Amino acid sequence: MVNEQLTGRTVASHLNLIGRFYEEFDWREVTQKEVQEYLMKLGNKNTYRNNLSTLRVFFRDFKQVPWLVEGFRFPRVMLLPKAIPSRQELQDFYNAIDDLRDRAIFLMFASSGLRRQELLGLRMGEIDLEKRMLTPKTKGMTKLAWVSFYNEEAEGLLRKYLGQRRAGSGRLFVHKEADLKKIWIGAMEKTGLEITPQVLREWFAEEMSNLGVPERYIDAFCGRIPRSVLAKHYTNYRPEKLRQAYEKAGLRVRG
């Protein structure tokens with residue numbers, strides 16, 4: 001697990017699934033047939049996929065017995081069209097949030113494309129207030145984080161928040177996870193809209209595409225692996241170039 005350089009959350013998930021697996025077999029050694037029968041009992045495709053992913057890492061990389069999971073395939077997942085909220089829906093949701101800090105967080109999510117833990121885990125040293133640039137650090141090799149930016153709307157609220165932010169904390173947003181979740185659920189109940197940090201990340205990618213930003217730059221903002229040869233080997237990903245592409249788009253969240 002250590003050599004895989006996985007995040008603490010991913011390791012905890014793997015350990016939980018491995019524990020459930022071995023409880024089924026009273027912590028004894030298993031055969032390939034027993035692994036297969038265990039997986040087949042799971043039924044749900046996502047549960048099957050998650051367990052197979054864990055068992056592959058465990059038996060192949062940790063136990064060094066890859067033949068126990070050889071031949072097992074991940075089930076195909078039907079991709080459904082995503083329902084991206086409109087800018088008006090984002091405004092309605094934003095207006096249902098009362099707290100200055102949480103409004104700032106909302107606009108930062110919508111205008112940066114960062115993952116939930118990347119934004120909420122940002123430290124003061126990972127933000128350039130003059131360039132509006134974010135350089136989140138990630139733990140583990142399964143996620144990438146390059147640089148992203150936030151727009152002028154978010155900047156205004158962020159500076160107000162920083163003016164009253166509690167001193168002494170190295171983290172940008174001083175918060176409790178439970179409090180943030182409660183606030184977002186409250187906004188969902190008021191508006192009837194299911195807008196989450198992941199939805200805002202998807203909205204950001206869609207909106208930047210609509211504004212003419214090349215896909216390879218959107219992938220960079222979102223910390224995704226470049227997919228084409230052009231993106232991987234012939235694209236300038238220097239922060240200055242990414243900032244130029246971001247600013248040229250003129251992204252607006254509230255219209």
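**Exercises on helix packing, cores and backbone angles**

In this predicted model, Leu90, Phe93, Tyr94 and Asn95 of helix H4 meet Arg103, Phe106, Leu107 and Ala110 of helix H5.

**Exercise 1.** Determine how H4 and H5 are oriented towards each other.

*Solution.*
Step 1. Two packed helices are described by the angle between their axes and the distance between the axes.
Step 2. For H4 (residues 87-95) and H5, the angle is about 160° and the axes lie 10 Å apart.
Step 3. Angles over 145 degrees count as roughly antiparallel.
Step 4. H4 and H5 are therefore roughly antiparallel. The crossing of H4 past H5 is right-handed.

**Exercise 2.** Identify the residues with the most partners in the largest nonpolar core, and the helix that gives the most to it.

*Solution.*
Step 1. The core holds 53 residues, and Phe106, Met108, Phe173, Met208 and Phe221 touch the most other members.
Step 2. Helix H5 (residues 100-112) gives the most to this core, namely 7 residues.
Step 3. Another core, of 17 residues, lies apart from it; Phe21, Leu39, Phe59 and Phe72 are among its members.
Step 4. Beyond its neighbours within four places in sequence, Phe173 is in contact with Arg101, Ala104, Ile105, Met108, Leu119, Leu158 and Tyr161.

**Exercise 3.** Check the length of helix H9 against its expected span, and establish to what extent H9 is enclosed.

*Solution.*
Step 1. H9 covers residues 197-210, which is 14 residues.
Step 2. The expected span is 1.5 Å times one less than the number of residues.
Step 3. This gives 20 Å for H9, and its end C-alpha atoms are 20 Å apart, so the two values agree.
Step 4. The buried residues of H9 are Pro197, Val199, Leu200, Arg201, Glu202, Trp203, Phe204, Ala205, Glu207 and Met208.
Step 5. Because 10 of its 14 residues are buried, H9 is largely enclosed by the rest of the structure.
Step 6. Just after H9, Gly212 adopts a positive phi of about 90°.

**Exercise 4.** Asp26 and Arg132 have a positive phi without being glycines. Locate each residue and decide whether it is buried or exposed.

*Solution.*
Step 1. Asp26 has a phi of about 55° and sits in the loop between helix H1 (8-24) and helix H2 (32-42).
Step 2. The relative accessible area of Asp26 is 64%. A residue is exposed over 50%, so Asp26 is exposed.
Step 3. Arg132 also has a phi of about 55°; its place is the loop between strand E1 (127-128) and strand E2 (133-134).
Step 4. The relative accessibility of Arg132 is 8%. A residue is buried under 20%, so Arg132 counts as buried.

Terms used
Residues are numbered from 1 along each chain as its sequence is written. This is a predicted model: local features need pLDDT of at least 70, side-chain atom pairs count only at pLDDT 80 or more; totals for chains, interfaces and linings use all residues. Side-chain values use heavy atoms; hydrogens and water are left out. A nonpolar core is a set of buried Ala, Val, Leu, Ile, Met, Phe, Trp, Tyr and Cys residues joined through side-chain atoms within 4.5 Å. Buried means under 20% relative accessible area, exposed over 50%, partly exposed in between (1.4 Å probe, protein chains only). Helices (H or I, at least four residues) and strands (E, at least two) are DSSP runs, numbered from the N terminus. Contact means heavy atoms within 4.5 Å. Axes are lines fitted to C-alpha atoms, for helices over the stretch in contact, and angles run from 0 to 180 degrees between N-to-C directions. Angles under 35 degrees count as roughly parallel, over 145 as roughly antiparallel, 65 to 115 as roughly perpendicular and the rest as oblique. A crossing is left-handed if the near helix is turned anticlockwise from the far one by less than a right angle, and right-handed if clockwise.
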